[in-house]
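The following exchange is intended for a reader meeting this structure for the first time. Each answer sets a value beside the definition that gives it meaning.

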Protein chains: 2
Amino acid sequence: MKYSELITIGQQAKSVSGALASCGSTTKNAALQSIAHALVTNSKKIIAANAVDIANGRKNNFSNALLDRLRVDEQRISAIAAGISAVSALPDPIGDVIDGWILPNGLAVQKIRVPLGVICIIFESRPNVTADAAALCLKSGNVAILRGGKEALNTNIEIVNTMRQALSSCNLPEDWIQLVTTTDRAAVGELLRLNQFIDVVIPRGGAGLIKTVVESSTIPVIETGTGVCHTFIDASADSEMALAIAINAKVSRPAVCNAMETLLIHRDIADQFMPKLIAAMFANTVELRGCGRSLQYDNRIIPATGADWAAEFLDLILAIKIVDGLDEAIDHINEYSTKHSEAIISNDYINISRFQREIDAAVVYVNASTRFTDGYEFGFGAEIGISTQKLHARGPMGLKELTSIKYLINGNGQTR
Amino acid sequence: MKYSELITIGQQAKSVSGALASCGSTTKNAALQSIAHALVTNSKKIIAANAVDIANGRKNNFSNALLDRLRVDEQRISAIAAGISAVSALPDPIGDVIDGWILPNGLAVQKIRVPLGVICIIFESRPNVTADAAALCLKSGNVAILRGGKEALNTNIEIVNTMRQALSSCNLPEDWIQLVTTTDRAAVGELLRLNQFIDVVIPRGGAGLIKTVVESSTIPVIETGTGVCHTFIDASADSEMALAIAINAKVSRPAVCNAMETLLIHRDIADQFMPKLIAAMFANTVELRGCGRSLQYDNRIIPATGADWAAEFLDLILAIKIVDGLDEAIDHINEYSTKHSEAIISNDYINISRFQREIDAAVVYVNASTRFTDGYEFGFGAEIGISTQKLHARGPMGLKELTSIKYLINGNGQTR
């Protein structure tokens with residue numbers, strides 16, 4: 001172990017996790033309100049630290065988009081603080097009795113919700129994730145070990161210091177929130193093997209970051225994010241509804257994981273639907289990459305390559321394929337889907353049933369936009385990410401998804 | 001990838017997993033009954049294959065205990081078949097609607113239970129696990145990739161062939177159950193990186209096997225088994241009850257993971273309790289390894305070393321520590337526990353509450369033996385193992401723990 005900082009952080013996190021786990025909502029909510037208040041009070045210092053990161057970013061020729069993601073100002077800090085206040089107002093999942101029964105021998109079994117323990121969140125440049133992730137961990141009784149991108153290091157240090165001081169001012173352990181300041185890449189590798197201190201790792205960021213974490217971690221990982229989302233327009237679709245949904249799924253926010261990347265169209269509706277679709281997409285400056293059959297409808301459609309079917313464009317680009325029917329649509333989706341969100345637009349009962357049953361994804365929509373896959377839209381009040389794996393959590397993850405369970409069994413002398 | 005067999009197995013598993021996932025209970029139950037019947041019908045061939053493994057084991061100087069675990073006979077095959085019939089009679093968890101609500105925009109959300117997909121089970125010598133694990137996977141809609149110990153290879157091949165033929169005879173894909181026959185250790189390493197084909201890995205066996213799997217796998221793992229279980233006899237304990245529970249927890253089946261390994265005794269009850277405990281434990285040929293304070297009670301108690309507090313003896317050996325009170329008991333347990341099963345014997349409300357809240361384990365008992373941590377005892381009707389991790393499943397895992405979820409969302413044109 002080369003990075004002794006990591007051992008210290010792990011030990012500190014573990015040593016205060018019991019106190020946080022058995023902490024009541026009143027205390028946790030007061031801590032969150034104190035943190036929200038401190039971030040606003042301390043906003044000048046945070047913005048000053050952020051200016052250093054922005055200046056470094058400029059020196060390193062960061063794109064304007066990246067600089068914008070990195071930037072914090074008074075308004076963004078207020079938004080972060082408001083988000084933390086909102087988390088404090090959410091119901092506390094810890095202690096919920098999820099199930100309970102009496103065994104034939106009289107043992108009374110209760111299955112209750114408990115925190116996971118210590119959660120390590122590894123993320124990229126946006127500093128709002130720092131405060132947001134820490135707040136969700138705190139509310140769900142979990143110690144947070146945060147490891148942000150090095151581009152935002154100065155900002156993250158200031159945000160985390162502010163949050164830790166707020167905890168101290170409430171006479172609570174500041175080690176409930178910790179930041180890994182070693183930005184060396186090798187340090188992440190060591191962090192991901194600290195099984196004795198960390199219970200779960202959640203990567204938040206691009207496909208590259210997630211892949212690295214999944215491949216290097218010996219600690220259980222909750223994979224988040226990549227979304228190659230499809231919409232299938234069935235022959236029986238209401239074409240006006242289909243068009244509105246397709247435009248919404250592609251155009252409303254193309255850079256997010258629940259945006260549509262590939263549109264599949266039943267051949268029987270193609271002649272009627274394609275001209276309207278093409279006009280609407282081009283009006284929204286969407287680049288179209290189509291299968292052979294689709295090219296006949298407009299010479300501005302670029303022939304799609306094999307890679308386009310697997311691409312998460314995160315941009316105003318749409319792959320289009322005309323299919324012979326439901327079977328081809330299901331096969332295509334199950335081959336290229338990242339199991340995030342998939343939709344069918346149809347009025348056919350049998351086809352809808354089959355699509356819902358046979359598509360393997362976190363969320364399967366009928367006659368709605370894939371853009372609804374989101375913790376807030378689902379009514380969870382918060383979101384730590386969208387799980388695309390099948391273990392533990394699938395789909396949008398709110399506070400409940402940051403918990404584990406414990407069985408409490410009460411007896412009066414039972415032996416086996 | 002050196003072992004092309006593994007790729008083939010993975011591809012085959014993936015390709016038939018959709019059919020199994022959407023298969024109804026009637027078909028799955030008929031398949032299980034057919035498998036149970038075929039194992040009995042084919043018992044002579046299985047026993048003959050087992051004789052080869054036993055002969056090899058003898059050549060390799062296997063202990064009698066290991067040879068016994070390896071052995072199958074008519075009676076054991078009948079028991080395996082009866083177990084599979086029992087699994088077919090259990091309720092099918094797939095398709096259960098776990099939750100559901102209407103969003104403000106009218107979208108109807110259903111959270112339903114679906115199979116995990118393809119489960120790889122890596123286990124050691126006992127051939128009954130082969131059939132048992134395959135049956136639980138099949139019932140929960142999951143394709144099983146089995147990798148048993150090389151000592152049992154001939155037996156496992158015969159058992160799996162029998163099961164596959166039974167599937168074929170029901171006109172079902174025999175690839176729902178597959179066996180990895182490469183016994184090379186390096187092959188396991190490759191198997192554990194086949195993320196594109198396998199959804200979950202479950203190791204069943206000793207601590208060494210589990211550690212290897214956790215450290216090598218890039219696929220999500222459900223860790224099972226190791227149990228350094230404690231019982232704390234509080235000052236207020238009913239000493240007759242405490243004695244009966246301690247004897248049961250240590251002696252009834254010492255080789256299993258829910259057996260007690262360390263007994264903690266409140267100093268205020270030690271003078272009264274220790275003589276009875278010592279007499280009873282020695283009467284049951286239990287070796288006692290004690291802390292300094294405990295040694296004064298009997299000169300046959302061996303001084304415990306540091307390693308004894310962390311040891312999973314799986315044998316008639318018990319570590320004993322006299323503690324100053326609840327705080328020391330909780331600290332000791334949270335330091336050495338493998339988070340499996342822990343018990344307090346007490347009549348003190350405050351101490352019991354604190355123990356239940358502050359002990360971090362899958363199952364926390366009050367006035368009962370730790371031996372009850374078991375899928376059958378819990379009423380699950382089956383068990384694939386006992387999870388000692390916090391992600392996905394914790395404690396005994398039955399059919400429900402072999403499932404994931406999927407959100408089905410029905411709309412009528414909603415866009416965001």
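Q: What makes helix 11 of chain B a helix that lies across strands, and which strands of chain B are these?
A: Helix 11 (residues 267-283) of chain B lies across strand 7, strand 8, strand 9 (287-290) and strand 11 of chain B. Contact means heavy atoms within 4.5 Å, and helices (H or I, at least four residues) and strands (E, at least two) are DSSP runs, numbered from the N terminus. The helix runs at about 145 degrees to strand 8 of chain B, where axes are lines fitted to C-alpha atoms, for helices over the stretch in contact, and angles run from 0 to 180 degrees between N-to-C directions.

Q: On what kind of model do these statements rest?
A: This is a predicted model, in which local features need pLDDT of at least 70 and side-chain atom pairs count only at pLDDT 80 or more, while totals for chains, interfaces and linings use all residues. Residues are numbered from 1 along each chain as its sequence is written, chains are lettered from A and ligands numbered from 1 in the order in which they are written, and side-chain values use heavy atoms, with hydrogens and water left out.

Q: How do you know that strand 12 and strand 13 of chain B are joined?
A: Two strands pair if DSSP finds at least two bridges between them. Strand 12 (residues 341-345) and strand 13 (residues 363-368) of chain B have 4 bridges and run parallel, so they meet the definition of a pair. Within strand 13 of chain B, Val366(B) is the bridge partner of Ile344(B).

Q: What makes strand 16 of chain A a partner of strand 13 of chain B?
A: These two strands pair in the parallel sense over 5 bridges. One partnership places Tyr407(A) with Val363(B) in strand 13 of chain B. Both strands belong to an open sheet of 10 strands with mixed pairing, in the order 1(A)-2(A)-16(A)-13(B)-12(B)-7(B)-8(B)-11(B)-9(B)-10(B). Its edge strands, each pairing on one side only, are strand 1 (97-102) of chain A and strand 10 (302-303) of chain B.

Q: Why are strand 5 and strand 6 of chain A said to stand at the edges?
A: An open sheet in chain A has 4 strands in the order 5-4-3-6, with parallel pairing. Strand 5 (177-179) and strand 6 (200-204) of chain A each have a single partner strand, so one side of each is left without a neighbour in the sheet. From one strand to the next, the twist averages 20 degrees.

Q: How do you know that strand 3 of chain A is joined to strand 6 of chain A?
A: Strand 3 (residues 118-123) and strand 6 of chain A run parallel and are joined by 5 bridges. Cys120(A) stands opposite Val201(A) in strand 6 of chain A.

Q: Why is the link between Glu377(A) and Arg416(B) called a salt bridge?
A: A salt bridge is a side-chain nitrogen of Lys or Arg within 4 Å of a carboxyl oxygen of Asp or Glu. The closest N and O atoms of Glu377(A) and Arg416(B) are 3.2 Å apart, so the pair satisfies the rule. Across the interface of chain B and chain A, the rule finds 4 salt bridges.

Q: What area do chain B and chain A bury between them?
A: Buried area is the accessible area (1.4 Å probe) that two parts lose on being put together, summed over both. For chain B and chain A this is about 5400 Å², with 54% of it on carbon and sulfur atoms. Leu391(B), Tyr407(B) and Arg416(B) supply 16% of the area that chain B buries against chain A, more than any other three residues. In terms of contact, 69 residues of chain B meet 69 residues of chain A.
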